[in-house]
Amino acid sequence: MENRSPTGADRARQWLNLIVVPLAIGFVMGERPSENQVSTVARENEPLLAAAGFTFAVWGLIFALWLAYATYQFFPSQAARPLHRRIGFWVVANAVGAAFWVQCFTNRYLGLAWLTMLGLVAVLAMIDRGLGDDARRGRDYLFARLPFAINFGWVCVAAIRSVSGPFTMKAIA
């Protein structure tokens, strides 16, 4: 039988989300020297299928939705919900992974950044699987499914886009 009372693990998960998600966002969005900006490194390594600069604005939406989830799951009424028990620690892993990706990418460890991106795809797949049918409508859809559906879609597109670089005419010539 499912425990409906919050456990220590539930409280730890809630606090981790409430603390780690904003810290990861702060790290990702933090100031860096111009030569170590994500946009600078992306332009240096532009693949054939290059995203327009404004397309990176989707991260503002994704980060706002992450914060909405971190806040939503912290409400006392959400503490012992099976939905958050299934995805909560994966959400923390996703935030840490995104921050690690930025660290790798902006320091030009592109192979490690790509492997990290593949890890993010796997983590987001676990979140999607954990959401199941519980988050198909209402607040769960808005605060749990939507943030990670957009995140999952964007990371999948970015992973595919990033491997197009080796296949450009410039790389072949």
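How many aromatic pairs does a search of the whole structure find? The search finds six aromatic pairs, and the views below, taken from a predicted model, show some of the aromatic residues together with a nonpolar patch and a buried residue.

**View 1. The aromatic pair of W15 and F74.** The ring centres of W15 and F74 are 4.8 Å apart and the ring planes stand at 80°, so this pair is described as edge-to-face, the term used when the planes are over 60 degrees apart. W15 belongs to helix α1, which covers residues 8-29, whereas F74 sits in the loop between α3 (58-72) and α4 (82-106), so the pair ties together parts of the structure that are 59 residues apart in sequence. W15 has a relative accessible area of 46% and is therefore partly exposed, and F74, at 25% relative accessibility, also counts as partly exposed.

**View 2. The aromatic pair of W101 and F105.** Here the rings of W101 and F105 are stacked, with 4.7 Å from centre to centre and 15° between the planes. Both W101 and F105 lie in helix α4, where they are four residues apart, which is about one turn of the helix. W101 is buried, and F105 is buried as well. In reading this view, it helps to remember that a pair of aromatic rings is described by two quantities, the distance of the centres and the angle of the planes.

**View 3. An aromatic cluster.** Three residues, W59, F63 and W66, are shown here, and together they form one aromatic cluster.

**View 4. A nonpolar patch on the surface.** The residues F100, Y109, L112, W114, L115, L118 and V163 make a nonpolar surface patch of about 630 Å². Helix α5, which runs over residues 110-131, contributes the largest share of this patch, namely four residues. One residue to look for is W114, which has its place in helix α5; at 31% relative accessibility, W114 counts as partly exposed, since that term covers values between the limit of 20% for buried and that of 50% for exposed.

**View 5. The surroundings of N17.** N17 is found in helix α1, the helix that also holds W15 of the first view. The relative accessible area of N17 is 0%, so this residue is buried. When its neighbours within four places in sequence are left aside, N17 is in contact with P22, Y69, A70, Q73, G88, V91 and V92.

Terms used
Residues numbered from 1 in each chain as written. Predicted model: local features only at pLDDT ≥ 70, side-chain atom pairs only at ≥ 80, totals over all residues. Heavy atoms only, no water. Phe/Tyr/Trp six-rings, centres within 6.5 Å; stacked < 30°, edge-to-face > 60°. Helix = DSSP H or I, 4+ residues; strand = E, 2+ residues; numbered from the N terminus. Buried < 20%, exposed > 50% of the residue type's maximum accessible area, 1.4 Å probe, protein only. Patch = residues over 30% accessible without salt bridge, like charges linked within 9 Å, V, L, I, M, F, W, Y side chains within 5 Å. Areas by Shrake-Rupley, 256 points an atom, 1.4 Å probe, with all protein chains shown as cover. Salt bridge = Lys/Arg side-chain N within 4 Å of Asp/Glu carboxyl O. Contact = heavy atoms within 4.5 Å.
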